[in-house]
Amino acid sequence: MSLPQLQRAPLVLAAPSGAGKTTIARALVEREEGFSFSVSATTRAPREGEEDGRDYWFVSHARFREMIRKGELAEWAQVHGHLYGTPLQSLVRASEGGRHVVLDIDVQGARQIQEAVPQALLLFIFPPSVEVLLRRLTGRGTEGEEAVRRRLSTALQELVAAESFNFFVKNDSLEQAIREVRDLALTGRPPPEGTSGCVEEVRVLRDGIRSILERETLLEGPPGAR
Ligand code: ADP
Ligand code: 5GP
């Protein structure tokens, strides 16, 4: 897959579901000049409030297959039973005027971008603890036990894949996380304290999720944890 020449390295944000990746990506693009969002194509139906061309390009399966066949996608993957992909056209459009392109995609897509654009900044966002992740995943109160279990299993796979990422940002305080992501994009360098501690924190999260998934009932926990 050959990608269009971009003036600046694209910023690829990946994270376990519920870590806050979309919140951070949107805040960055809305508040900071010089950042633009790459609008993905997807076969999933729009959620309430989502707009075609702003949140996603909502397309049929047939159209998505055609995009793959014609080489119109920089990367694509199946996530939670739906197809998602980054149109080359979205990358070109978002990068106009030398802006930083922000991609909010899953880890499979992040790997494909890494192969196609070695200078891409791959940034993995993770939650401060398993309890917080569970709370963010169940926050809307609309997800049943099985849906949360599925999302946690995906989160576990994503945390395993995190090892190949360049940069890590903990999303505890949202404001601080947004600042860190912005600074990384602008400098292309990790913070002076490095990211080795983050790799260990990601391991602890993985172990925590594994033990929650072994429980018969997920939505329980020590008092005060939720
Ligand atoms: P993702 O895109 O990684 O699945 P979202 O951005 O949708 O996650 O965030 C999941 C939920 O967590 C949302 O309700 C969001 O408002 C909330 N959230 C995100 N970041 C924070 C934060 N730092 N502190 C508290 N809540 C947060
Ligand atoms: P949602 O349906 O909740 O908006 O997104 C589900 C998952 O698909 C998220 O992890 C999101 O980052 C990922 N995703 C969104 N767009 C793309 C894309 O273009 N490519 C890939 N590989 N994943 C995407």
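Okay, a term to begin with: when I say polar contact, I'm talking about a pair of N or O atoms within 3.5 Å; inside the protein, one of them must be able to donate a hydrogen and the other to accept it, and residues adjacent in sequence count only if both atoms are side-chain atoms. This is a predicted model, so to speak plainly about filters: local features need pLDDT of at least 70, side-chain atom pairs count only at pLDDT 80 or more, and totals for chains, interfaces and linings use all residues. Residues are numbered from 1 along each chain as its sequence is written, chains are lettered from A and ligands numbered from 1 in the order in which they are written, and side-chain values use heavy atoms, with hydrogens and water left out.

Let's take ligand 2. An oxygen atom of ligand 2 is 2.8 Å from an N or O atom in the Asp 104 side chain. For the side chain of Ser 40 the distance from a ligand 2 oxygen to an N or O atom is 2.6 Å, and for the side chain of Tyr 56 it is 2.5 Å. On its own, ligand 2 has 510 Å² of accessible area, and the protein covers 89% of it; those areas come from the Shrake-Rupley method with a 1.4 Å probe, and for residues only the protein chains shown count as cover.

Who's around it? There are 15 residues around ligand 2, and Lys 21, Ser 40, Arg 44, Tyr 56 and Tyr 84 come nearest; a residue is near a molecule or strand if one of its heavy atoms lies within 4 Å of it. By class, that shell has five nonpolar, four polar and six charged residues. Here Ala, Val, Leu, Ile, Met, Phe, Trp, Tyr, Cys and Pro count as nonpolar, Asp, Glu, Lys and Arg as charged, and the others, Gly among them, as polar.

Now ligand 1. Its surroundings include Lys 21, Thr 22, Arg 136, Asn 171 and Asp 172. A ligand 1 nitrogen is 3.3 Å from an N or O atom in the side chain of Arg 136, and a polar side-chain atom of Asn 171 lies 2.8 Å from a nitrogen of ligand 1. With Asp 172 it's the backbone: an N or O atom there lies 3.0 Å from a ligand 1 nitrogen. Alone, ligand 1 exposes 570 Å², of which the protein buries 64%. Helix 1 supplies the largest share of this shell, three residues; helices (H or I, at least four residues) and strands (E, at least two) are DSSP runs, numbered from the N terminus.

So where do the ligands sit? Ligand 2 is in the largest pocket, and ligand 1 sits in the largest pocket too. Sitting there means that more than half of a molecule's atoms lie within 2 Å of the grid points. The grid is 1 Å, over the protein atoms alone: a cavity is a set of points where a 1.4 Å probe fits but cannot get out, a pocket is an open set with protein on both sides within 12 Å along at least five of seven lines, and lining residues have an atom within 4 Å of a point.

The pocket's volume is about 1300 Å³, meaning the space filled by probe spheres set on the points, which are joined across faces, edges and corners. Its lining has 39 residues, with Ser 17, Thr 22, Arg 47, Tyr 56 and Arg 151 nearest the centre. Helix 6 gives the most, five residues.

Last thing: there's one cavity of 30 Å³ or more. Helix 8 (residues 196-214) gives the most to the lining of the largest cavity, with four residues.
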